[in-house]
Each structure stands twice: as structure tokens, then as C-alpha cells.
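Q: Got a minute to go through this one with me? I'd like to start with the ground rules and then get to the details.
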2 protein chains.
Amino acid sequence: VKRIVHTAAALLIGNELLSGKVADENLFPLATTLRGLGIALRRVVVVADDPAEIAAELNLLRHSHDVVLTSGGVGPTHDDVTLVAVAQAFEVPAVRHPMLSEMLRAHYKASLNDAHLRMALVPEGAALLSAEGIVWPTVVMGNVWVFPGVPKLFRMKLLVLREHLQGPAPFFSRAVFCQLDEGQLTESLDAVVKDFPSVEIGSYPRLFDSDYKTKITFDARSESDVEQALTAFCALLPGGEPIRVA
Amino acid sequence: VKRIVHTAAALLIGNELLSGKVADENLFPLATTLRGLGIALRRVVVVADDPAEIAAELNLLRHSHDVVLTSGGVGPTHDDVTLVAVAQAFEVPAVRHPMLSEMLRAHYKASLNDAHLRMALVPEGAALLSAEGIVWPTVVMGNVWVFPGVPKLFRMKLLVLREHLQGPAPFFSRAVFCQLDEGQLTESLDAVVKDFPSVEIGSYPRLFDSDYKTKITFDARSESDVEQALTAFCALLPGGEPIRVA
């Protein structure tokens, strides 16, 4: 049974994202996955590997969104502080989970050490969620889901999210491509923005190397609202526009 | 004369980043640019095209960081709300800047309309900064710098930042590559983390397709601290490690 959630926030954790050592690759697949599920991602924050800062941010995000996804800071080294920070946010101790300890023992065998066992630490009371084909379970504490930062693992783990969460209804999205520039479309845009308050209308200029100058997007949970807004907008355009609808 | 700033925050603005319509391309060049200038980027927030939310976020960020950089939401359409939000944050009106109006008039000539002139709106009291080869000036209100969201323009405008700001001292960075996994390196890492509190030490596992398993980074504003921490760490490793130093 999937849990219905309306809103989500993401917390991307890691000094390397702020220092420019590494380019984030996780926000985009997370955003598209949530969108596909009909869940509205409302806010993303990137912070350093600082437990106090992570805990404070989590307490803001988890009380103002249905679900919070974290990326990064899980592992055995000193800079992997996410699970301790989650425990701190919920004011519970971080404890070694018996099942995770057992999995680590089976994997590392004779070379298992205390450092490896740090990867078994979870906030007391956390749930472990799995999905088919995902060996390592995902730690979920309250409405906070903890994902690894390594992009390939992160993307793999999004399957767990898809199996357990969904939005209240899908989003519908259409797009119109114009050769007019944004300044020439503003009047028509303002009219449909006013007439279709339930539809999120976006305008994106394309400045280089393209057959169009402006892409206008129409998004809503109601497919007919989207269609009506798109039709109303196109009716306001001069002949020859739009050059394409998608 | 460059202004010396220690800390920075970034606010990335746009529904398209949260809905997965567009993958952010601006954080990475911004992070590397600030790092190269010796400015510490401490926090990044991604929010929707909502003036109230942008203004509230700006008021948090600008009081806790020396400089705040925004990306996106500048343009002539209804969803371009950044400059109005900056004005709101500073509790001043947004006014049409005479020089920007003149530049728009020169560019659009007879086709100039009120929508185009929205691009001349700036918070009252804002400065306009330029750099050689950059035609359109950058709006700076207090310690808030407003950049466009289009990645090619954003990267171009970073030149303005480089010409006007610098950190108190450069960052020095070294890296060590090991075939040991993170769990096997934790004891040595904990020792140098304890002995070199001024050095930021990061550990990054490489799980796929690589000649190394773990990359350890050493960062500080003191080059000799970095060298000493790196040397101390390498002295703790077994024979054959590290496989490479950079």
C-alpha cells in the first residue's frame, strides 16, 4: 500500500557540493521521480557535513512538508554524519540496527571492523524499507527518507520511493513553442495566467541554437484545465504561432 | 578595488528546477568560481517562482552570509519575479532604471513594449555593476547579486563576480587516492581529523569503474596545514598506499 503525500522537500548534504569538488547529479532524477509520482517538490537545500546544521534544517523541512528526502553523508567515515543528525533532529539516540549489523557481517566477514559497523547506525525507532532488487534497505525516520549521495546508488534507491509513496493525483503537462520572444508574448501570457489560476504557466526563453525563441509550459493536476489554458493561449497568438505543441 | 567577503549563499529560483523540467547547471560553476576566489559557499536553497517565499529566504540568507547570489527569475514574463522579490525583501519599491530603460529602447527600437520595459525594473537604490565584455549590467542590492538563470548567461556573468569580489585568502586543496575502502581508512582518518582541526578532510568512495576505492581530500586556507595533514595521513597507511597523490 502506497502512502499518499502531497509535498516534498530535499536536503542535499556534502561539503563537496558547496566547494565545487563535485557537481550534484541527484536533484534532477529526484525531481523527475517525484513529479512522475504526482508529488510536489517545494524546496531544496544544500548544506555542509555539519550535524547541528543538518538537524536544524531537517526540523524546519519535516514540519512543513509531507516527506523529506536526504542525499549524502551515509558511510563509515567522520564526514558521514547524516544518520546521527537525523537522530538529533528527532531527539533519539542513534543505535546499531541488528539486521544491518548482520548484513555488514555477512558482507565483510573476517575484515569487519567497528568503522564498517558505523553503517548499521540508525535513529532509534527508524523503519527499514526495501524494494525488489535493492539489497541495502532505506532508512526512514518519521517522514525523513535517507538516501546515499553516490549518484548511481541514489538513482537505484529511488525505486524504493516509487514503491512506497505516491501523490494525490498525477500532474499533467503540455508545452507550446513560439518564435516570438518573451516580451512579445507577455500580454497573451498575462491573460491566461489570470483566467486559469489553477494552471502553473511557465515561460522559458531559448537564446541560442534553436528553432524556437520561447517555450511556454502548462501544468496542473487537472488535464482539462491544462488543455483549456493551452487552447486559450494559442487562440491569442498571431498567425503562424505556435510553431509546435508538445 | 575588490570587496573582501568570507561567506556566500546561493538562491536558485525557478519552478522548472523543482518540477524536473530543467536540470540545474548553475550551482557547479558558481561553486567552483567562489572556491577559486577563496569565498566559502555555505548554503544553497532552491525555491519556486514565489515572490513572498523568495523575499523571506533572501532575508534569512543575506543576514547570515556576506554575499548572496541569486539565479533565475529575471525577464519580462509573469513568472520572472526575482527583482520584485528582492525589492520586497529590502522593503523598497521596484523602479524603472533610466539606464536600463535606455538600453532596452536602443535594442528593441520600434518594437519596444511595456513588457520589455519590465526588464528595467530594479529595487530602488540598487547598484548596476559591469565587467568588460558584459553588455547587460548586473543588479546588486545591498549584498544580494542578481544573476540570470539561463546557464550560458549565468556563466558569462560570473566574470562580474570575479572582478568585484574576493575571499580573505585562497583555499588550498590536495587529494590522496587509495585502494583501501572507507571502512579500512577510518582509523587513520579519525587520527588526522583530530590532529588537524584547521583542515577540512573529506572521504569519497568510488564504487564503480575506477583504479581507486577512496579519494581523501585535504582543504584549508593554510597551505602548510594541508601539506602536514596529508603527510601525516600518508604516514599512517600500509605499504603500497596511497596509489596516487594530487
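A: Sure, definition up front: a salt bridge here is a side-chain nitrogen of Lys or Arg within 4 Å of a carboxyl oxygen of Asp or Glu. By this rule there are 17 salt bridges over all chains.

Q: And what kind of model is it, and how are things numbered?
A: This is a predicted model, where local features need pLDDT of at least 70, side-chain atom pairs count only at pLDDT 80 or more, and totals for chains, interfaces and linings use all residues. Residues are numbered from 1 along each chain as its sequence is written, chains are lettered from A and ligands numbered from 1 in the order in which they are written, and side-chain values use heavy atoms, with hydrogens and water left out.

Q: How many salt bridges sit across the interface of chain B and chain A?
A: Seven, by that rule. One of them pairs the side chains of A:Lys21 and B:Asp219, 2.6 Å from N to O. That pair crosses between chains: A:Lys21 is in the loop between helix 1 (15-18) and helix 2 (27-37) of chain A, and B:Asp219 is in strand 13 of chain B. Helices (H or I, at least four residues) and strands (E, at least two) are DSSP runs, numbered from the N terminus. B:Glu57 and A:Arg43 also meet in a salt bridge through their side chains, at 2.7 Å, N to O.

Q: How much area do chain B and chain A bury between them?
A: About 4500 Å², with 57% of it on carbon and sulfur atoms. Buried area is the accessible area (1.4 Å probe) that two parts lose on being put together, summed over both. B:Leu18, B:Lys21 and B:His78 supply 13% of the area that chain B buries against chain A, more than any other three residues.

Q: How many residues does the contact take from each chain?
A: It takes 56 residues from chain B and 55 residues from chain A, contact meaning heavy atoms within 4.5 Å.

Q: How are the two copies related?
A: Chain B goes onto chain A with an RMSD of 0.0 Å by a turn of 180° and a shift of 0.0 Å along the axis. The two copies are therefore related as by a two-fold rotation axis. The fit is by least squares on the C-alpha atoms of residues with pLDDT of at least 70 in both. In chain B, the C-alpha nearest the axis belongs to B:Val45, 2.2 Å from it. The same surface serves both copies, since 98% of the contact residues of chain B recur in chain A.

Q: Which strands pair between the chains?
A: Strand 3 (residues 40-47) of chain A pairs with strand 3 (residues 40-47) of chain B, antiparallel, over three bridges. Pairing needs DSSP to find at least two bridges between two strands. A:Val46 stands opposite B:Val44 there.

Q: Switching topic, what's the strand order in the open sheet of chain B?
A: The four strands run 12-13-11-14, with antiparallel pairing. Strand 12 (200-205) and strand 14 (244-245) of chain B are at the edges with a single partner strand each, so one side of each has no neighbour in the sheet. Strand 11 (residues 172-178) and strand 13 (residues 214-220) of chain B are joined by seven bridges, and B:Phe177 has B:Lys215 as its bridge partner.

Q: Any odd backbone geometry?
A: A few spots. Most residues other than glycine have a negative phi, and most peptide bonds are trans. The bond from A:Glu241 to A:Pro242 is cis, with omega near -10°, and a cis bond also joins B:Glu241 and B:Pro242, with omega about -5°. B:Glu91 has a positive phi, near 55°, and lies in the loop between helix 4 (82-89) and strand 5 (94-96) of chain B.

Q: Where does A:Pro242 lie?
A: In the loop between helix 9 (223-236) and strand 14 (244-245) of chain A. Leaving aside neighbours within four places in sequence, A:Pro242 is in contact with A:Val176, A:Phe177, A:Cys178, A:Cys234 and A:Leu237.
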